[in-house]
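Reader: I would like a close look at one part of this model, taken slowly and with the side chains in view. Please begin with the part that comes at the start of the chain, and then set beside it what can be said of the part that follows.

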Amino acid sequence: MLTAEDFNKLVKVLKEFFYSKEEVDAKFEKIEGKIDKLLSAVDVLTKTVKGFQEEMIVNRRRINRLEEWAKQI
């Protein structure tokens, strides 16, 4: 049977090798914060890429019109 001293030793070992609920919660909050920052960065990058794609489409149309005009001359 476990004595109080054995139990205290067991609790001490468990505390050394396992996180408490508060520590786990704090780590999850930190990770959630990082995920939020990453999602924000991805949103900004997505908007930037979409803008570049739209600009490339417009430029391609301009080039095509200029090529057609140059052929007519």
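Author: What follows is a walk through helix 1, and then through some places in helix 2.

The model is a predicted one, and the description below should be read with that in mind. Helix 1 covers residues 4-17, and its 14 residues reach 20 Å from the first C-alpha to the last, close to the 20 Å expected at 1.5 Å a residue. Of these 14 residues the number buried is 0, so helix 1 lies largely in the open.

One feature to look for here is a nonpolar patch on the surface, about 740 Å² in area, to which Leu-2, Phe-7, Leu-10, Val-13, Leu-14, Phe-17 and Phe-18 contribute. Leu-14, which has its place in helix 1, may serve as an example: its relative accessible area is 39%, and because this falls between the limits of 20% for buried and 50% for exposed, Leu-14 counts as partly exposed.

Charged side chains also meet in helix 1. Lys-9 forms a salt bridge with Glu-5, in which the closest N and O atoms are 3.5 Å apart, and the two residues, both in helix 1, are separated by 4 residues, or about one turn of the helix. Lys-9 is partly exposed at 48% relative accessibility, whereas Glu-5, with a relative accessible area of 52%, is exposed.

A search of the whole structure finds 2 salt bridges, and this leads on to helix 2, which takes in residues 21-72. There the side chains of Asp-25 and Lys-21 meet in a salt bridge with an N to O distance of 2.8 Å; both residues lie in helix 2, again 4 residues apart, which is about one turn of the helix. Asp-25 has 30% relative accessibility and counts as partly exposed, while Lys-21 is exposed, its relative accessible area being 58%.

Also in helix 2 is Ala-26, which is partly exposed with a relative accessible area of 44%. To relate Ala-26 to the start of the chain, one may take Thr-3: the two are 23 residues apart in sequence, and from C-alpha to C-alpha they are 33 Å apart in space.

A further surface feature is a patch of positive charge, where Lys-27, Lys-30, Lys-34 and Lys-37 gather. Of these, Lys-34 is found in helix 2.

To return to the part you asked about, helix 1 has no buried residue among its 14, contains the salt bridge between Lys-9 and Glu-5, and holds Leu-14, one of the residues that make the nonpolar patch.

Technical notes
Residues are numbered from 1 along each chain as its sequence is written. This is a predicted model: local features need pLDDT of at least 70, side-chain atom pairs count only at pLDDT 80 or more; totals for chains, interfaces and linings use all residues. Side-chain values use heavy atoms; hydrogens and water are left out. Patches are made of residues with over 30% relative accessible area and no salt bridge: like charges are joined within 9 Å, nonpolar side chains (Val, Leu, Ile, Met, Phe, Trp, Tyr) within 5 Å. Accessible areas come from the Shrake-Rupley method with a 1.4 Å probe; for residues, only the protein chains shown count as cover. A salt bridge is a side-chain nitrogen of Lys or Arg within 4 Å of a carboxyl oxygen of Asp or Glu. Buried means under 20% relative accessible area, exposed over 50%, partly exposed in between (1.4 Å probe, protein chains only). Lys and Arg count as positive and Asp and Glu as negative; His and the chain ends are not counted. The place of a charge is taken as NZ of Lys, CZ of Arg, CG of Asp or CD of Glu. The expected span of a helix is 1.5 Å times one less than its number of residues.
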